[in-house]
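Student: I would like to go through this model feature by feature. Where shall we begin?

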Amino acid sequence: MFFERPQNGGETAVLVHIDFPEGVNREDLAEFRELVISAGADPVELVTTKRDVPDAKFFIGSGKVEEIREVVQLHGVELVIFNHSITPSQERNLERALQCRVLDRTGLILDIFAQRARTHEGKLQVELAQLQYQSTRLVRGWTHLERQKGGIGLRGPGETQLETDRRLLRERVKNINARLAKVRAQRQQGRRARQRSATPTVAIVGYTNAGKSTLFNALTQADVYAADQLFATLDPTLRRLPVEPIGEVVLADTVGFIRHLPHKLVEAFQATLQEAAEADLLMHVVDSAAEERDRNIAEVDKVLAEIDATEVPQLRVYNKIDLLEHGQPRIDRDEAGVPVAVWLSAMQRQGFDLLEQAIGELLGDDVVSEDICLLPADAKLRAILYELGAIKQERYDDNGDVWLSIRMQKQDFKRALARADVAVSRFLPEPREPWQ
């Protein structure tokens, strides 16, 4: 966009995977293949090696660089993709040695996101992440120009052009941030409206390709794009879902997570991920048949911690039980009998009744949905309940008492009672101990 690269950009690619010891640099090879195919590349050969630490200049050893160069020439490949995040200088050194374009894991994920973004908000968020990623890589495009450094009158044309590009990039980033701020304000307004109407929100989260959108479509009869590929969904979609005995809940389908999800993407998708952070319940969808199931769960929990969503109640949903040998729908409960996990198949529509039962149990205790009787002296409480949008129906007795059909979050109802100086015990008696 802002810089020149080798002209022969294309789809055929050589994949490079380094088997590091267990640690932060370790990546999954099977997932790497899925990412490459999801991006639309055609892998012609895989080059693997083992190292304890990355090489400072090439990330891989000079011997492997020569081996990759021979493979590139043999197949006429236009792209080399690394299953790791590499520095701008390493990327530049590799491109110079291999004479073709080099892409790292972060750039690959960004490319997939760029293909998948469909809404205006999604495209803005992806462009912001791309610009932040490219900002450190601008320098490579001007190595063919004189780049003298010095004081006034000693700047070369390359450095002048580089400064121009950096200024344009900063201005574009500033413009996108301003537009995303408006989107965040609109989303926040929508969340406040749902809170006022006392409609609980259930956010679907999980590792990419766990079946979140398939489950979302099956539950809500929506038509969200769902496919057996990584990052099929980027843009959040909201639909209402009736759940007994609490009435309607808002179901939110969100972007999938992945191992070592680039921090810039987490920052760029903050407005989208906020749906999860401010939900009343997280539905953590897990591919129950995946070999890396436990590691995927840990990665999702890590991202939830980054967006401050660890305090939100979570129901784990083990999807794709039709791929298990003896998979049957069921609810797992803790020692107190509270649902903690549901096993189901979104594709076969098995276990949906159990899922709705679990959601109803988890959210039912937090919602007040009943008829209450107010005396003429309770006019202030009535006004507060109308202000919160909690009153669904109203009728009067001959003696002046008013009956209100209300529906709202229990905590909001308690706060309303406190504002009106009404005792909580009058409408919400304290739970009795089993022996009483």
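**Reading the model**

Tutor: Begin with a single residue, bearing in mind that the model is predicted. Asn209 counts as buried because its relative accessibility is 19%, and the cut-off for buried is under 20%.

Student: Where is Asn209 placed along the chain?

Tutor: Asn209 belongs to the loop that links strand 5 (201-206) and helix 7. Distance in sequence and distance in space are separate readings. Asn209 and Val286 lie 77 residues apart in sequence, and their C-alpha atoms are 9.1 Å apart in space.

Student: Is Ser405 buried or exposed?

Tutor: Ser405 has a relative accessible area of 15%, so this residue is buried. Its place is in strand 14, which spans residues 402-409.

Student: Which residues is Ser405 in contact with, leaving aside its neighbours within four places in sequence?

Tutor: With those neighbours left aside, the contacts of Ser405 are Glu370, Asp371, Ala390, Ile391, Lys392 and Gln393.

Student: How do I read a sheet?

Tutor: The strands of a sheet pair through backbone hydrogen bonds, and the pairing is either parallel or antiparallel. Here, one open sheet has four strands in the order 2-1-3-4, and the pairing is parallel.

Student: Which strands stand at the edges?

Tutor: The edges are strand 2 (42-50) and strand 4 (101-103). Each has a single partner strand, so one side of each is without a neighbour in the sheet. On average, neighbouring strands of this sheet are turned by 20° against each other, direction ignored.

Student: How many bridges join strand 1 and strand 3?

Tutor: Strand 1 (residues 12-19) pairs with strand 3 (residues 79-82) over four bridges, in the parallel sense. One bridge partnership is that of Val14 with Val80 in strand 3.

Student: What lies across strand 3 and strand 4?

Tutor: Helix 3, residues 88-98, lies across both, and runs at about 145° to strand 4.

Student: Now a helix pair. At what angle do helix 7 and helix 11 pack?

Tutor: Helix 7 (residues 212-220) packs against helix 11 (residues 352-364) at about 85°, and the axes are 12 Å apart. Angles of 65 to 115 degrees count as roughly perpendicular, so helix 7 is roughly perpendicular to helix 11.

Student: Which residues make the contact?

Tutor: Helix 7 contributes Leu215, Ala218 and Leu219, while helix 11 contributes Phe352, Leu355 and Glu356. Sorted by class, this contact has five nonpolar residues, one charged residue and no polar residues.

Technical notes. Residues are numbered from 1 along each chain as its sequence is written. This is a predicted model: local features need pLDDT of at least 70, side-chain atom pairs count only at pLDDT 80 or more; totals for chains, interfaces and linings use all residues. Side-chain values use heavy atoms; hydrogens and water are left out. Two strands pair if DSSP finds at least two bridges between them. Helices (H or I, at least four residues) and strands (E, at least two) are DSSP runs, numbered from the N terminus. Axes are lines fitted to C-alpha atoms, for helices over the stretch in contact, and angles run from 0 to 180 degrees between N-to-C directions. Contact means heavy atoms within 4.5 Å. Buried means under 20% relative accessible area, exposed over 50%, partly exposed in between (1.4 Å probe, protein chains only). Angles under 35 degrees count as roughly parallel, over 145 as roughly antiparallel, 65 to 115 as roughly perpendicular and the rest as oblique. Ala, Val, Leu, Ile, Met, Phe, Trp, Tyr, Cys and Pro count as nonpolar, Asp, Glu, Lys and Arg as charged, and the others, Gly among them, as polar.
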